[in-house]
Amino acid sequence: MTIPTLQTDRLILRGPQVSDMDAYAAFFADPEASAFYGGPMRRDQAYDRLCQDLGHWQLNGFGRWVITWRDSGEVLGGTGLLYAEGWPRTELTWWLLPAARGNGVATEASRAVIAWGYETLGWDLVETHMKDANTAARRLVERLGGTRIDRLSFPDGLQRDIWALPNPREAAA
């Protein structure tokens, strides 16, 4: 499968590549940055995550992109749509290297992915969920216009709020 490329004013979202390994390793080795993403992890475990991201595209026809600056190609993080086997819902997900935070990258990239989910995949609902303590993720979901629609139990034993995310292209019209 060829992973599509998405572009925004400042960003390119492209399929993961082996050359992204250093960015994956840096993010997942950072205890604070990766706290809500299963980290910290050793380099070999981060490699497994990179492989999972690629495999998700092959198995499902959607997945997580690597986010880069359009002008330099510098890797900033990842975002995409995932379905974890055994989990009750699909989700918009993202991770950012600490240096890429605080300048709207997550918002800009997420809007492109949400629109792709509605317009390309034809989903009736793009949604997300996060651990209750992940206040940064909750603030992002609020910036994206998310609406809390449910609260469910997950296989890891945690309960999470489910947030519906509007198509940003419809909201702007």
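## Pairing in the three-stranded sheet

Two strands count as paired if DSSP finds at least two bridges between them. In this predicted model, strand S7 and strand S8 (residues 159–165) are joined by six bridges in the antiparallel sense. One residue pair can be named: Arg151 has Asp161, in S8, as its bridge partner.

These strands belong to an open sheet of three strands, ordered S6-S8-S7, with antiparallel pairing. Strand S6 (126–129) and strand S7 (147–153) form the edges, each pairing on one side only. On average, neighbouring strands of the sheet are turned by 30 degrees against each other, direction ignored.

## Helix H4 on the sheet

Helix H4 (residues 135–143) packs on this sheet and touches S6 and S8. The direction of H4 makes about 25 degrees with that of S8.

## Helix H1 and its packing

Helix H1 spans residues 21–29, and its buried residues are Met21, Ala23, Tyr24, Ala25, Phe27 and Phe28. The elements they pack against are helix H2 (43–60) and three strands: S3 (64–69), S4 (75–82) and S5 (91–96).

## Met41 in the loop between H1 and H2

Met41 lies in the loop that runs between H1 and H2. Because the cut-off for burial is under 20% relative accessible area, Met41 counts as buried at 13% relative accessibility.

Leaving aside residues up to four places away in sequence, Met41 touches Phe28, Ala29, Ala46 and Arg49. Phe28 is also one of the buried residues of H1. Between the C-alpha atoms of Met41 and Arg160 the distance is 23 Å, and the two residues are 119 residues apart in sequence.

Notes: Residues numbered from 1 in each chain as written. Predicted model: local features only at pLDDT ≥ 70, side-chain atom pairs only at ≥ 80, totals over all residues. Heavy atoms only, no water. Helix = DSSP H or I, 4+ residues; strand = E, 2+ residues; numbered from the N terminus. Axes fitted to C-alpha atoms, helices over the stretch in contact; angles between N-to-C directions. Contact = heavy atoms within 4.5 Å. Buried < 20%, exposed > 50% of the residue type's maximum accessible area, 1.4 Å probe, protein only.
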